[in-house]
Amino acid sequence: MNYQKICVVGLGYIGLPTATMFASKGADVLGADVNPKVIETLKRGEIHIHEPGLAQAFAAVAADGKFNASLQPSPADAFIISVPTPFKHGESGNYNGISYKLADMQAVKSAAESIAPHLRKGNLVILESTSPPRTTLDVVAPILEKSNLKAGVDFHLCYSPERVLPGQILRELVENSRVIGGVTPASAQAGADLYSAFVTGEITQTDATTAEMVKLMENTYRDANIAIANEFSRLADQFGVDVWEAIAIANLHPRVKILNPGPGVGGHCISVDPWFLVESAPQLTPLIYQSRQVNDSQPRFLADVVERALGSLKGKRIAALGLAYKPDVDDLRESPAVAAAQILQERGAQVRAYEPFKPEAQFANLALTPTLEAAVQNADALLLLVKHSQFAALNPEEVAKQTSARIAIDAVQGWDSAAWKRAGFRFVKLGSGKEQ
Ligand code: SAJ
């Protein structure tokens, strides 16, 4: 490995697996994070996030002494910035009457500030955080250059986005193709040399701004495609069609691949990243903006479906199954399941939500139960919001014995309608105007 000492700044869902991967290949890794609790946990050889396989992989490198955690970066051969780029709260942009969200780049700026004093000639710095176009050139480079070293001349600087899927991070970090955008071709080459320590997928070199665009285009493309699936679910509901059946048939066409409708789009990537393009050029992005609007309003559409199925929501006890942003992860950020449950509660229902991956989570205006049994026991309706494996595997006959509910509402095509009906439930599906 060309870079023996690697400092990873930001130890979340991306930074920690990346740091673990480099350490497993023999690098001496210093992980830096501003959260003292995270540092304490890692120093004990434990981790603070749920990702399959990561706890074991991390424990192994920690035991080998290949990973050290600290609140501050220290001198290294290569630095990786993998800090969050959330929205700014309480502040939005405006263009011709449309209001759009703004990226909060403070963590990226602080990370670059914390690296600058340690920067030496020949170092490599990589920004991994998803960022608006030109961030590497216009935001990160000037901060690092406070060291009196010049990006692309005295040190290498790259943008290389992570593209891994939560739940499969360890495998995808290795196997996915990777794009490395350098501020110079030599920087891109240096970045490619670094990641070739563990990446077996194709590594493509380009310039930094292209790499930033690539990342934003990928997630925006997926957001727009989910938006059209969600819009189809509304049309199917209107026309007495089962959208899932219609999509399955349409997808037999060799050039059609419609994605799945659902309660909306959540997580920290797809529901956030398109806004970085809207913010950068609101006059050029009406389609991207509308896709965000459709997906953000899908929890309300789901609430309408539930309300129609139950006649009225007033006082109805609804067991909401799953709050994570997608199946089999513990991440609740920007989750449309949470939004849908809160809307139902606001409209007068008594929602009892159960999230098996984070039963202790807390939300305003939403009661969580510690077990599935507690959620379903005295319910009037069961509402499947997330297709967690354990919910998909539920036996309706068994559930029928544990609940007073006789209506099952499926927002994610997770249950077999025939089996639930056999067990005595009325069955309602999001995106289906057809009686099940
Ligand atoms: N969703 C649907 N219908 C679908 C697929 C997804 O409603 O057919 C919903 C999910 O339930 C979830 C949201 O979309 O709420 C996003 O889930 P996801 O699995 O599509 O994506 P993420 O956010 O977990 O990960 C994405 C991935 N990007 C792409 O697939 C283009 C991943 O590769 C990126 O690394 C990640 O964003 C990221 O970090 O940017």
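This short talk covers the ligand site and one strand hairpin in a predicted model.

Ground rules. Residues count from 1 along each chain as its sequence is written, and side-chain values use heavy atoms, without hydrogens or water. As the model is predicted, local features need pLDDT of at least 70, side-chain atom pairs count only at pLDDT 80 or more, and totals for chains, interfaces and linings use all residues.

Ligand first. Its shell holds 20 residues, each with a heavy atom within 4 Å. Arg 163, Lys 215, Asn 219, Arg 222 and Tyr 325 are the closest. By class, nine are nonpolar, four polar and seven charged. Here Asp, Glu, Lys and Arg count as charged; Ala, Val, Leu, Ile, Met, Phe, Trp, Tyr, Cys and Pro as nonpolar; the others, Gly among them, as polar.

Where does the shell come from? Helix α8, residues 208–239, gives the largest share, five residues. Helices are DSSP runs of H or I, at least four residues; strands are E, at least two. Domain 1 (5–201) and domain 2 (230–429) both contribute, so the ligand lies between them. Those bounds come from an automatic or database assignment.

Now distances. A ligand oxygen sits 2.7 Å from a polar backbone atom of Val 164. A ligand oxygen is also 2.7 Å from a side-chain N or O of Asn 219. A ligand nitrogen is 2.7 Å from a polar backbone atom of Asn 260. The protein covers 86% of the 770 Å² that the ligand exposes on its own, by Shrake-Rupley with a 1.4 Å probe.

Last, the hairpin. Strands β5 (87–95) and β6 (98–103) run antiparallel, joined by five bridges; pairing takes at least two in DSSP. Phe 87 stands opposite Ala 103. Two residues separate the strands, and Asn 96 has a positive phi near 50°.

Definitions and conventions
Polar contact = N/O pair within 3.5 Å; in protein donor to acceptor, adjacent residues only side chain to side chain.
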